[in-house]
Amino acid sequence: MILQHHLAKKKGESMVTNKVQAVVLAAGKSTRFNTGKTKLVEKICGQEMILYSTRLLEQLHIPTTVVVGYQQELIKDILNKYHGTSLTYCVQEQQKGTGHALMCTQNIWDREHILIMNGDVPLVTPDIIQHLYEEHLTTNADISFVTSHNPDPTNGGYGRVIKRATGTAVIEARDFEGDATQESCINAGIYLIRRKFLEETITRIEQNQKSHEFYLTDLIKIASDHKRIVTTTLAPFDHIRGINNFQELWAAEQVKRSELIKYWMDRGVHFSVAHNVHIDLNVSIGAGSFIGCGVHLLGKTCIGKNCRINEFSSLENATIGDETLIHSHTIIKGSTIGVQSQIGPFAHLETCTVAEQSIIGNFVEIKRSNIGKGTKAKHLTYIGDTQTGHDVNIGAGSIVCNYDGNQKQKTIIEDETFIGSNNTIVAPVRIGRGAFTAAGSVITDDVPPYALAIARAHQKNKEGYATKLRTADENENASTSASFIGALKTKNSAQTT
Ligand code: UD1
Ligand code: CA
């Protein structure tokens with residue numbers, strides 16, 4: 001509470017200063033993930049882990065250097081895509097620990113204080129950094145770092161913060177032999193160090209005997225032993241969770257997701273089963289909307305006001321207009337749906353636009369197409385590479401054949417046309433304004449405006465033929481069943497004798 005009060009007081013003040021530069025450590029091998037891939041590219045609520053630190057530092061206007069090494073191209077790709085050329089990199093060729101990673105950045109230190117952040121601590125807030133900075137300056141410290149109380153101190157690989165009258169030290173989890181339940185204060189992996197002190201002491205870090213790594217945390221003991229000022233600040237555990245394995249990734253994502261859901265709840269969004277919804281960082285939802293059980297809202301999905309997204313639908317980079325209803329089990333990707341429309345259930349839309357007041361119904365798939373205002377395709381339809389006008393009606397079971405085996409062809413269905421049920425529309429083709437196509441037609445040629453196209457075989461009725469067939473059938477069945485009963489009888493009598 002005291003911490004929160006303190007933070008609240010400082011809100012609004014910015015840490016913009018030319019005294020601080022940041023180093024993010026991201027060169028490690030991520031061995032505890034057991035995937036062979038660097039954990040820093042794993043996503044939390046749709047955003048790669050590494051971007052959480054670099055975006056925070058960008059928000060605080062602190063120039064940032066990222067230490068890369070293991071799979072550095074993967075990490076740099078993600079960072080460059082988001083930040084362009086605004087970050088600098090240092091390479092740690094061999095991963096010899098966090099202290100060694102910091103040593104690799106020595107040549108770029110040019111500000112008074114160096115802020116160091118472990119790249120695998122993604123949920124840090126600006127307040128935590130702001131608070132650290134203020135305490136660092138107020139206490140005139142050489143080294144300040146963020147600590148927290150781990151609710152389950154026996155769990156996780158955090159370094160323990162041991163404060164004694166003789167000084168402060170961080171003992172790494174694997175070297176800690178005390179009572180973990182008593183020593184629940186842990187090191188968050190976020191440090192602010194005076195450059196002068198760092199330059200004097202960085203070479204004094206010794207290789208750990210057990211792990212053969214250089215621990216950044218040794219600087220705390222070195223400072224303490226030399227009677228330098230060491231300051232600690234406290235932060236909520238949920239915001240400094242470190243991520244070393246999939247369990248911790250999962251736990252951190254739960255925290256972030258709950259934050260996002262609470263945020264949208266406060267803005268008038270109703271979640272029917274909140275713990276069963278997946279929501280990404282860049283999603284936005286309008287007031288009065290309802291989100292059902294098991295819904296996935298991914299990427300930059302933007303839902304308007306008073307919408308309803310029913311159970312188990314998945315929306316990725318989708319824009320949904322106000323008052324639109326998405327029925328259950330619908331998939332929408334990279335598409336825009338207009339206001340007051342209805343989509344699904346079991347519809348699948350990719351890279352398309354659907355204008356307002358349209359109805360796209362059960363088991364309808366639409367790809368790379370634009371659907372005009374008030375158009376309806378209510379049942380069992382496939383529409384691909386098609387431009388439809390407004391107020392078109394597409395009958396049940398109709399299909400646009402957009403692929404000729406070689407390339408995708410275009411179809412144009414103009415305003416107010418009526419496509420009968422079970423049509424096969426073979427692209428490229430244009431169906432003119434106001435035209436009708438008869439049920440069951442195979443449309444291969446353009447249909448002029450206001451024409452009726454019938455493209456199916458003529459029906460022939462053969463009088464009395466059904467009765468003839470039925471009689472033939474019955475005779476055949478009678479002889480089959482007689483022989484079957486006969487066979488059974490023979491078998492039974494054989495058994496009783
Ligand atoms: C570290 C701290 C521990 C703290 C915890 C907080 C040390 C020695 N220990 O432990 O006290 O409680 O973070 O989460 O610092 N990295 C490199 N190069 C390397 C090794 C690591 O760049 O050679 C990077 C990693 O990619 C990672 C970060 O440094 O982003 C932290 O490394 P990690 O191995 O996860 O440290 P922890 O064991 O969690
Ligand atoms: Ca870690």
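## The stacked sheet

Two strands count as a pair once DSSP finds at least two bridges between them. With that in hand, here is a sheet to look for in this predicted model: an open one of 11 strands, paired in parallel, in the order E12-E15-E18-E21-E24-E27-E30-E33-E36-E39-E41. Its edges are strand E12 (270-271) and strand E41 (452-453), each of which has a partner on one side only.

For a look at one pairing inside the sheet, take strand E33 (residues 393-394) and strand E36 (residues 418-419). These two run parallel and are joined by 2 bridges. Across the pairing, Ile394 sits opposite Ile419 of E36.

## How far to trust the model

Averaged over the protein, pLDDT is 93, and 92% of the residues reach at least 70. Two stretches fall well outside that picture. Residues 1-13 stay under 50 in pLDDT, and the model gives them 6 contacts beyond four places in sequence. Residues 490-497 also stay under 50, with 0 such contacts. Where pLDDT is low, the predicted coordinates shouldn't be read in detail.

## Three domains

The domain assignment splits the protein into domain 1 (2-239), domain 2 (250-453) and domain 3 (462-497). Measuring between centres taken over C-alpha atoms, domain 2 and domain 3 are 53 Å apart.

## Around ligand 1

Which residues come nearest to ligand 1? Out of the 30 around it, they are Ala27, Gly28, Gly159, Gly189 and Gly242. Sorted by class, the shell holds 12 nonpolar, 15 polar and 3 charged residues.

Three elements supply at least two shell residues each: strand E1 (20-26), helix H4 (98-103) and strand E10 (185-194). E10 gives the most, with 4 residues.

## A strand between two partners

E10 also turns up next to strand E7 (143-149). The two strands run antiparallel and share 6 bridges, with Ile143 facing Ile193 of E10. E7 pairs with strand E11 (230-234) as well, this time in parallel and through 5 bridges; here Phe145 stands opposite Thr232 of E11.

Is E7 enclosed or open? It is largely enclosed by the rest of the structure, because 6 of its 7 residues are buried.

## Helix H7 and its neighbours

Helix H7 (residues 218-225) has Asp218, Leu219, Ile220, Ile222 and Ala223 as its buried residues. In an α-helix there are 3.6 residues to a turn, so residues three or four places apart point the same way.

What do the buried residues of H7 pack against? Their partners are H4, E7, strand E9 (167-171), E10, helix H6 (195-201) and E11. Just past the end of H7, Lys227 takes a positive phi of about 60°.

## A buried isoleucine

Ile337 belongs to strand E23 (residues 336-337). Why does Ile337 count as buried? Because it has 29 C-beta neighbours inside 10 Å, and 20 or more is enough for that label.

Setting aside residues up to four places away in sequence, Ile337 touches Ile320, Gly321, Thr324, Ile332, Ile343 and Val354. Thr319 is 18 residues away from Ile337 along the chain, yet their C-alpha atoms are separated by 6.1 Å.

## Unusual backbone spots

Most residues other than glycine have a negative phi, and most peptide bonds are trans. Several places here go the other way. Phe312 isn't a glycine but has a positive phi of about 60°; look for Phe312 in the loop between strand E18 (308-309) and strand E19 (314-316). Arg368, also not a glycine, has a positive phi near 40° and lies in the loop between strand E28 (365-367) and strand E29 (370-371). With 17 other C-beta atoms within 10 Å, Phe312 is partly exposed. Arg368 is partly exposed too, with 16.

Then come the cis peptide bonds. The one from Gly344 to Pro345 has omega near 5°, and Pro345 lies in the loop between strand E24 (342-343) and strand E25 (348-350). Another joins Ala427 to Pro428, with omega near 0°; Pro428 is in the loop between strand E37 (424-426) and strand E38 (429-431).

Note on methods. Residues are numbered from 1 along each chain as its sequence is written. Chains are lettered from A and ligands numbered from 1 in the order in which they are written. This is a predicted model: local features need pLDDT of at least 70, side-chain atom pairs count only at pLDDT 80 or more; totals for chains, interfaces and linings use all residues. A residue is near a molecule or strand if its C-beta atom, placed from the backbone, lies within 6 Å of it. Ala, Val, Leu, Ile, Met, Phe, Trp, Tyr, Cys and Pro count as nonpolar, Asp, Glu, Lys and Arg as charged, and the others, Gly among them, as polar. A residue is buried if 20 or more other C-beta atoms lie within 10 Å of its own, exposed if 12 or fewer, and partly exposed in between; C-beta atoms are placed from the backbone. Two residues are in contact if their C-beta atoms, placed from the backbone, lie within 7 Å. Domain bounds come from an automatic or database domain assignment. pLDDT is the predictor's confidence in each residue, from 0 to 100.
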